[in-house]
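Hi everyone, thanks for having me. Could you bring up the structure on the screen, please?

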Amino acid sequence: MIIGISGTLGAGKGTVVEFLKERGFAHYSVREFLVEEILKRGLDVNRDNMVSVANDLRAKFGAAYIVEELHGRAMERGGDCVIESVRCVGEVEALREKSKVQSPKSKVGFVLWAVDADVESRYARIVERGSSTDMISFDDFVRQEGSEMKNENPLKQNLKACIEMADVCFRNDWTIGELKGKVLKALDKFESDDFVIEGGYIRPTWDEYFMEICRAVAKRATCDRGRSGCVIARNKQILVTGYVGSPIGLPHCDEVGHQLEDTIHEDGVKRTHCIRTTHAEQNAICQAAKLGISIDGATVYCKLEPCSVCAKMIVNSGIKRVVCEKRYQSGAQSLLEEAGVLVEVLVDEVEKY
Ligand SMILES: [Zn+2]
Ligand SMILES: [Zn+2]
């Protein structure tokens, strides 16, 4: 299978490519191809030259010249490959045509995947990434993008049309873990026998759904050392929510500052924590107590692996499963598991404070 990746700048194309590489896909990049060509011509490597050299090659050798070259290399190698990134209508058409000719028996010779996200998130990501081609103001970013979004000429970049032509479009407005879940799900679908393209939209799983709500809840948090949220759900329904914050009626960290205290952890390491707040998980459990809602047998969704106090409360509330986005340096997964609570960490990374 050959997957072409399209999408807007900063949307997460590279991240999707990394997921595919982890699954054994070979990577062919238009960017690398263009950088070679720009250096050959003795030009500076910047975004304007990337666009002008690409347009020049397309005008001389055909709309799909670059991706066709990459497609050729991919076919020579064989197996699963990903071509990053497809940027104009002519390229999509040529790749679709080529895969028809070269793999008539294959159900899926070539598929186009697109990645998109809202413009503010994308700009924030490219600033954070800080590569030499990305150092521009927000206004310039929007202006440059505008010219790449809607070219009528099939030889020129038209990201909007490519995204519309994609077999699947991934929205990447949240986190890497959530994007990865969607990508792996799509890949399993493509690789399975009953592969059908369902209008290009992939619904979130229940876990993704509750985790997204958890991130929205977290925005109400009042301590900037870690704005985390929590959702407790059972049978596909939300029971209660909570976010990190001071007890009701007491001042917030955002107003009066943190209340820092050194804590010696079970592992003997001393760390400083803000103790003004109640953790998101604890606040959710308190909400259940206040409202008289049983959370026995439920699942907890939270940002980080729970701390040991939260873990003990989770165990004694009868909660049976914990889904968290990342590990926490003072997390209590082993305590939870010892007590028979299933723990699932979406991204195997440790969040530090
Ligand atoms: Zn605080
Ligand atoms: Zn906690």
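I'll walk you along the chain and stop at a few backbone details. One thing to keep in mind is that this is a predicted model.

Let's start with a peptide bond. The one running from Glu 84 to Ser 85 is cis, and its omega is near -10°. Where does Ser 85 sit? You'll find Ser 85 in the loop between strand 3 (81–84) and helix 5 (89–102).

Now please scroll to the loop between strand 6 (229–234) and strand 7 (237–243), where Asn 235 is found. Asn 235 has a phi near 50°, which is positive even though the residue is not glycine. Lys 236 belongs to the loop between strand 6 and strand 7 too, and its phi is near 65°, again positive in a residue other than glycine.

Are these residues buried or exposed? A residue is called exposed if 12 or fewer other C-beta atoms lie within 10 Å of its own. Asn 235 has 9 such neighbours, so Asn 235 is exposed. Lys 236 has 8 C-beta neighbours inside 10 Å, so Lys 236 counts as exposed as well.

My last stop is a hairpin. Strand 8 and strand 9 (residues 270–274) pair in the antiparallel sense, over 5 bridges. Looking at one of the partners, Asp 262 is bridged to Thr 272 in strand 9. Between the two strands of this hairpin there are 5 residues, and Gly 268 takes a positive phi near 85°. How many of the 5 residues of strand 8 (residues 260–264) are buried? The number is 0, so strand 8 lies largely in the open.

That's my tour, thanks for listening!

Definitions and conventions
Residues are numbered from 1 along each chain as its sequence is written. Chains are lettered from A and ligands numbered from 1 in the order in which they are written. This is a predicted model: local features need pLDDT of at least 70, side-chain atom pairs count only at pLDDT 80 or more; totals for chains, interfaces and linings use all residues. Helices (H or I, at least four residues) and strands (E, at least two) are DSSP runs, numbered from the N terminus. A residue is buried if 20 or more other C-beta atoms lie within 10 Å of its own, exposed if 12 or fewer, and partly exposed in between; C-beta atoms are placed from the backbone. Two strands pair if DSSP finds at least two bridges between them.
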